[in-house]
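Work through the following exercises with the sequence and the coordinates at hand. Each task is followed by a solution in steps.

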Amino acid sequence: MTVRAEETVLPPSLVDLAVRHVRSEVLSGAYAPGDRIGEEALCARLGTSRAPVREALRLLVQEGLIEHLPRRGFRVVVWSATDVRQLFELRRVLERHAVESAFPLPAKGDPLRAVRAALADMRAADGCGDDFERDNAHRRFHAAIVALAGHRQLDLAYAPILLKLQLPMARNLREEARATHRRDGVRRHAALLAALETNDRDIVLEEMRRHGELAYLDLEFR
């Protein structure tokens with residue numbers, strides 16, 4: 001039986017390599033919002049064919065990190081200041097709901113284990129200058145906080161917002177490191193973990209209010 005071209009199974013490793021490469025360049029600022037991502041140039045840099053590169057770009061479109069323009073190819077997504085504010089507002093609403101639903105946490109076991117693990121990964125990546133892994137751990141940290149509520153539909157609603165916020169979240173950390181000290185971003189998240197460890201809902205909500213996720217984006221909530 002002949003396998004049609006569109007049914008060909010692509011090697012996951014090549015797709016994963018291309019996804020990681022493009023995501024890393026976008027989140028690092030090597031590509032600016034609106035910059036075109038040329039397929040041919042990307043194929044040449046990765047030493048691979050067009051098929052895995054196209055699949056990687058398709059996956060990144062689904063994440064909301066890049067967008068496809070008909071007959072013009074791919075470019076880094078452009079969010080307006082209003083888009084970014086609204087996405088962070090949604091993130092705040094969902095995180096607040098998660099905390100209000102989850103706290104006080106049960107005394108049994110260590111419900112904060114995933115939050116601690118994400119912060120440890122964030123600290124380790126920051127220490128060795130791996131911004132890509134730091135950004136991944138950063139998103140896992142916030143996802144783990146929402147997961148404390150044990151609310152599957154909340155997790156499903158939160159996930160796409162977190163993906164769309166990849167770029168502004170990474171930029172905020174990057175600009176914070178330039179303006180202050182590289183480790184200040186980790187310290188902010190350590191302060192949030194310390195608030196979670198108090199098991200006091202009001203303390204957690206106050207620390208979340210002060211978290212500073214927009215401090216270095218030249219944006220304000222209105």
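The exercises below treat the sheet, unusual backbone geometry, selected side chains and the main pocket.

The model is predicted, so local features need pLDDT of at least 70 and side-chain atom pairs count only at pLDDT 80 or more, while totals for chains, interfaces and linings use all residues. Residues are numbered from 1 along each chain as its sequence is written, and side-chain values use heavy atoms, with hydrogens and water left out.

**Exercise 1. The sheet**

Task: Determine the strand order of the open sheet and the sense of its pairing.

Solution.

Step 1. Apply the assignment rules: helices (H or I, at least four residues) and strands (E, at least two) are DSSP runs, numbered from the N terminus. Two strands pair if DSSP finds at least two bridges between them.

Step 2. Establish the pairs. Strand β1 (residues 36-37) pairs with strand β3 (residues 73-76) in the antiparallel sense over 2 bridges. Strand β2 (residues 66-69) is joined to β3 by 4 bridges, and these two strands also run antiparallel.

Step 3. Check the register. On the β1 side, Arg36 has Arg75 of β3 as its bridge partner. On the β2 side, Ile66 stands opposite Val76, Glu67 is bridged to Arg75, and Leu69 faces Gly73.

Step 4. Assemble the sheet. The 3 strands take the order β1-β3-β2, with antiparallel pairing. Because β1 and β2 each have a single partner strand, they stand at the edges, and one side of each is left without a neighbour in the sheet.

**Exercise 2. Backbone geometry**

Task: Identify which residue in the turn of the β2-β3 hairpin has a positive phi, and examine two further backbone features.

Solution.

Step 1. Recall the background: most residues other than glycine have a negative phi, and most peptide bonds are trans.

Step 2. Inspect the hairpin. β2 and β3 are separated by 3 residues, and Arg71 in the turn has a positive phi of about 65°. Arg71 has a relative accessible area of 82% and is therefore exposed (over 50%; buried means under 20%, partly exposed in between, with a 1.4 Å probe and protein chains only).

Step 3. Inspect the second positive value. Asn199, in the loop between α9 (184-197) and α10 (201-209), has phi near 60°. Asn199 is partly exposed, with a relative accessible area of 30%.

Step 4. Inspect the peptide bonds. The bond from Phe103 to Pro104 is cis, with omega near 0°. Pro104 is found in the loop between α4 and α5.

**Exercise 3. Two helix residues and the cysteines**

Task: State whether Asp126 is buried or exposed, do likewise for His142, and give the number of disulfides.

Solution.

Step 1. Place Asp126 in helix α5 (residues 113-127). At 2% relative accessibility, Asp126 is buried. With neighbours within four places in sequence set aside, Asp126 is in contact (heavy atoms within 4.5 Å) with Arg134, Arg182, Arg183 and Val186.

Step 2. Place His142 in helix α6 (residues 131-147). His142 is buried, at 1% relative accessibility. Residues up to four places away in sequence are not counted; His142 then touches Arg91, Glu95, Tyr158, Leu162, Met169, His189 and His211. The C-alpha atoms of His142 and Pro52 are separated by 30 Å, for residues 90 apart along the chain.

Step 3. Apply the disulfide rule, a pair of cysteine sulfur atoms within 2.5 Å; the count comes to 0 disulfides. As for accessibility, Cys43 is buried at 10%, whereas Cys128 is exposed at 60%.

**Exercise 4. The largest pocket**

Task: Find how many residues line the largest pocket and which element gives the largest share of the lining.

Solution.

Step 1. Define the object. On a 1 Å grid over the protein atoms alone, a pocket is an open set of points where a 1.4 Å probe fits, with protein on both sides within 12 Å along at least five of seven lines; lining residues have an atom within 4 Å of a point.

Step 2. Take the volume, the space filled by probe spheres set on points joined across faces, edges and corners. The largest pocket has a volume of about 230 Å³.

Step 3. List the lining. The largest pocket is lined by 16 residues, and Pro33, Trp79, Leu167, Pro168 and Arg171 lie nearest its centre. The elements giving two or more residues to this lining are α4 (81-102) and α8 (166-179). The largest share, 4 residues, comes from α8.

Step 4. Classify the lining. Ala, Val, Leu, Ile, Met, Phe, Trp, Tyr, Cys and Pro count as nonpolar, Asp, Glu, Lys and Arg as charged, and the others, Gly among them, as polar. The lining has 12 nonpolar, 2 polar and 2 charged residues.
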